[in-house]
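Got your viewer open and a selection box ready? Load the model below and we'll walk through it stop by stop.

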Amino acid sequence: MSAPNLTLWLDGELRSTANPQVNLLDQALHYGSGVFEGIRAYDTAHGPAIFRLPEHMDRLQRGLAHFGHQADLEAMCAAMPGLLATNGLSDAYLRPIAWLGGNGLSLDVEHMQLRQCVAALPWTSHLGETAKAGLKLMTSSYRRNSSDSMPPLKMCGGYVNSLLAKLEATRKGYDEALFLDGKWVCEASAENVFFAKDGKLTAITHKDMLPGITRDSLIAISGAESRAATFAELYDADEIFLCGTSAEVTPVTLLDDRELPIGPITKALAATYQDIVHGRDTTFAHWLTLAGEKRRGAA
Ligand SMILES: Cc1ncc(COP(=O)(O)O)c(C=O)c1O
């Protein structure tokens with residue numbers, strides 16, 4: 001998604017995306033040695049609110065700890081309200097990223113310089129405007145990165161795996177790729193998977209999947225069971241949806257050659273999720289970090 005010219009926070013200073021001052025020989029550009037997060041801010045009656053900010057920043061640091069580095073999480077979080085205001089955003093996607101640069105192109109990470117950036121972008125879904133009306137999901141010929149090879153966190157280099165799977169799916173006319181591990185379901189290229197059968201909702205778990213914060217939220221909201229599931233079970237489901245910070249709740253209407261309806265459980269949970277993230281349902285109000293005043297005249 002191409003972004004307009006925006007102000008972002010880079011190593012403690014505000015910069016324009018037109019003048020980012022990044023070194024093209026930074027290690028992360030060559031080897032993927034960075035960790036990022038995808039976070040949403042939503043417009044609420046009390047101004048923009050950031051959804052599950054501490055959990056996202058905790059996951060970012062858990063990834064960075066594998067490189068032996070510590071991000072300035074406080075400074076990154078403190079920059080967010082100002083970025084939303086400067087860029088005129090209430091509903092937004094926040095992208096903190098911490099990556100390794102400088103000191104040449106060795107494979108040593110511990111003595112590299114840590115660079116930190118936060119961007120705030122206008123956002124709908126990375127799956128496109130029409131995804132909420134139903135998405136075509138294709139089982140991928142790729143396997144998910146094994147958690148025995150790299151931690152299942154948001155490590156930049158790990159996303160090559162997602163990009164390849166997604167490209168394979170979109171070239172075949174699908175919207176998104178589903179990773180399997182033999183007969184077991186893992187996750188989609190950038191979302192976790194839920195299914196409903198006979199009125200019972202299941203959140204699929206797998207050792208190689210990203211421990212999604214939306215997944216965790218939806219389990220807390222719905223009381224869904226969390227367990228491993230086979231592809232045969234998924235194929236036989238009454239309803240399937242994908243979830244993620246960007247995807248929110250996105251129904252699946254085609255799995256390979258099997259058509260599915262957008263069922264009542266998916267519809268109800270998608271609506272409840274929207275009420276919670278926008279602060280209309282206050283059951284989980286502690287998940288929202290207020291990030292600015294309601295702008296005068298804003299709806
Ligand atoms: C591979 C992968 N799985 C699942 C998710 C969903 O995670 P979350 O709900 O924390 O955004 C993402 C989000 O970007 C992802 O990249």
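The tour goes from the whole chain to its cores, then to a helix, a surface patch and some salt bridges.

**Whole chain.** Keep in mind that this is a predicted model. Start with a cartoon view: you should find seven helices and 17 strands. Lined up on its principal axes, the C-alpha trace fills a box of roughly 55 × 50 × 30 Å. The radius of gyration is 19 Å, which agrees with the value near 19 Å for a compact globule of 299 residues. Now color by burial: 51% of the 299 residues count as buried. If you have a contact map to hand, look at pairs with a separation of 6 or more; residues 24 or more positions apart account for 67% of those contacts. Switch on the surface and you are looking at about 13500 Å² of accessible area, with 54% of it belonging to carbon and sulfur atoms.

**Largest nonpolar core.** Hide the surface and select I39, I50, L64, F67, M80, L84 and L94. Within this core of 29 residues, those seven touch the most other members. Next, highlight β4 (39-44), α2 (53-65), α3 (73-86), β6 (92-101) and β7 (113-121), since each supplies at least two residues of the core. Which element gives the most to it? That would be α3, with five residues.

Zoom in on I50. Leaving aside residues up to four places away in sequence, I50 touches I39, R40, A41, M80 and L94, and also W287, L288, T289 and A291.

**Second core.** Another core, of 21 residues, lies apart from the one around I50. To get there, select L137, F195, A237 and A247, which are among its members.

**Helix α5.** Select residues 213-222 and show side chains. Which residues of this helix are buried? They are I213, T214, R215, S217, L218 and I221. In an α-helix, residues three or four places apart point the same way, because there are 3.6 residues a turn. Step just past the end of α5 and you meet G223, with a positive phi near 75°.

**Nonpolar patch.** Bring the surface back and pick L25, Y31, L105 and L107: together they make a nonpolar patch of about 430 Å². L105 sits in the loop between β6 and β7. Is L105 buried or partly exposed? Its relative accessibility is 35%, between the 20% and 50% cut-offs, so L105 counts as partly exposed.

**Salt bridges.** There are 18 salt bridges in the structure; here are a few to click through.

- D11 and R115: their side chains meet with N to O at 2.8 Å. This pair links distant parts of the chain, 104 residues apart, with D11 in the loop between β1 (7-10) and β2 (13-16) and R115 in strand β7. D11 is partly exposed at 32% relative accessible area, whereas R115 is buried at 10%.
- E13 and R15: the closest N and O atoms are 3.1 Å apart. E13 is partly exposed at 44%, and R15 is partly exposed at 21%.
- D275 and R280: the N to O distance is 2.9 Å. D275 is partly exposed, with 29% relative accessible area, while R280 is exposed, with 55%.

For the last stop, select K200, E225, R227 and E233. Salt bridges that share partners join these four residues into one network.

Terms used:
Residues are numbered from 1 along each chain as its sequence is written. This is a predicted model: local features need pLDDT of at least 70, side-chain atom pairs count only at pLDDT 80 or more; totals for chains, interfaces and linings use all residues. Side-chain values use heavy atoms; hydrogens and water are left out. A nonpolar core is a set of buried Ala, Val, Leu, Ile, Met, Phe, Trp, Tyr and Cys residues joined through side-chain atoms within 4.5 Å. Buried means under 20% relative accessible area, exposed over 50%, partly exposed in between (1.4 Å probe, protein chains only). Helices (H or I, at least four residues) and strands (E, at least two) are DSSP runs, numbered from the N terminus. Contact means heavy atoms within 4.5 Å. Patches are made of residues with over 30% relative accessible area and no salt bridge: like charges are joined within 9 Å, nonpolar side chains (Val, Leu, Ile, Met, Phe, Trp, Tyr) within 5 Å. Accessible areas come from the Shrake-Rupley method with a 1.4 Å probe; for residues, only the protein chains shown count as cover. The radius of gyration is taken over C-alpha atoms; the globule rule is 2.2 Å times the number of residues to the power 0.38.
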